[in-house]
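Trainee: I'm new to this one and would love a close look at a single part, the place where the ligand sits. Could you walk me through it?

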Amino acid sequence: MSRVILGKDIGQWMKDFPQLQQLMKTEPITWINDRKSNHEPIHLTIEEAEQRLRRFAPFLASVFPDTQANQGLIESPIQRVVLAEQEIEKRFGKNPGNLWLKCDHQLPISGSIKARGGIYEVLAHAEKLAFQHGMLRESDDYSILADESFRSFFSSHKIAVGSTGNLGLSIGVMGAALGFQVTVHMSADAKQWKKDLLRTRGVEVIEYTSDYSKAVEEGRKQAEADPTTHFVDDENSTTLFVGYATAAKRLAGQLAEQGIEVSAERPLHVYLPCGVGGGPGGVTYGLKQEFGEHVQCFFVEPTHSPCMVLGMMTGYHDRVSVQDFGIDNQTIADGLAVGRASGFVGKLMEPLISGIMTAEDSMLYKLQALLMDTEKIQLEPSAVAGLAGLIQLQKDHAVQHAKAATHLVWATGGSMVPEEQMQQDYQTGKRLWEMENIK
Ligand SMILES: *Cc1c(COP(=O)(O)O)cnc(C)c1O
């Protein structure tokens, strides 16, 4: 192959970064970050975001009944998964021990981790507009936002976003509930049911035959031409990012409630599915503020969409895409089908994350079925990537403190997937297990 990328031929790239060879062959890998330090490149205030979400809680509780159990806060529980752990030991020969699931598939409103960042950014934008027009003060009871006067005010404003599905779902559902005109630019891989659901809420869905980066680029371009449009920029938004980061302090509370200590003796290892990077990056950023060196965060990507590990390994971040290296960005993990990582998140994560693993689609299907059979937990394929990453890491490296560590797999989505789709994926996973038994 005589490929030249950023003026350097492919042979030289592979010499400089030996793991590129496996990456280009779409083999599962574990990349360990050796540039880690505890230095924080920029400082974002997460507390402000948490307070804003608290102000909106009465409004959310009144408009979305599924948030009432948590007084209008969009939060998910953590769950110990002993049966899954035993099955993993049986199938893969190693028991991770102390395995927990962060159940973001149960998040109210949109059923995925995107309910954290996406909804937060819509709320922050709505608040800013309402403040500017003297319609709202911080001290008000925000349930007034459900009034017709606000809906009519927001209806003259537009929000747009580019998405592989779940972000569009979160922004669309929340934006429409407030009264905004919302346009979602969907990449080709976005599932039909997500587009259908949005259209029933009055959201405009524009479909592309190309991938995520193109949908974002087109959305950004159209929004820039119209000053009444707020574009939710998945690749660059710090608002979205801090929305995700609010998960950390709440998680610290949940761990404390369960009597789980996070310390040098009992470190916390967190496994996060990664697409463009904002979700896992925001959570990691928050967790590092909470626990410092006592938490280790790992990202997990599909073997066919390893954009973050490519950017981190080479240090070129958003200047390189997986397609540059002949990787096709075709995966069933639709939330993770991203060919070029966020440069902003990549640079911010450089000193913070412990490593990145990649996982094959077949593994995602199998683990989806395994979680269903052992724990009756229904996740979408992308949402089990964290678990695949943990298994890959244990295969490639004997994890230090393995016995004492708490392993938290971030389950990022699934509760809104239609039953028929869920059944199809589950059956695929079951078939893959059977084929393995035959071998
Ligand atoms: C979007 C998404 C992620 C990853 O978030 P990014 O911000 O794109 O990195 C993980 N899981 C699911 C289910 C998602 O939809």
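How far is an oxygen atom of the ligand from a polar backbone atom of V276?

Mentor: The two are 3.1 Å apart, a polar contact (N or O atoms within 3.5 Å). This is a predicted model, where local features need pLDDT of at least 70 and side-chain atom pairs 80 or more, while totals for chains, interfaces and linings use all residues. Residues are numbered from 1 along each chain as its sequence is written, and side-chain values use heavy atoms, without hydrogens or water.

Next to V276, look at G275: one of its polar backbone atoms is 2.8 Å from a ligand oxygen atom. With K114 a polar side-chain atom takes part, 2.7 Å from an oxygen atom of the ligand.

Now step back a little. Around the ligand are 14 residues, each with a heavy atom within 4 Å of it. Those that come nearest are K114, N166, G277, G279 and T412, so K114 turns up here again. Finally, consider how covered the ligand is: on its own it has 380 Å² of accessible area (Shrake-Rupley method, 1.4 Å probe), and the protein covers 99% of that.

Key:
Polar contact = N/O pair within 3.5 Å; in protein donor to acceptor, adjacent residues only side chain to side chain.
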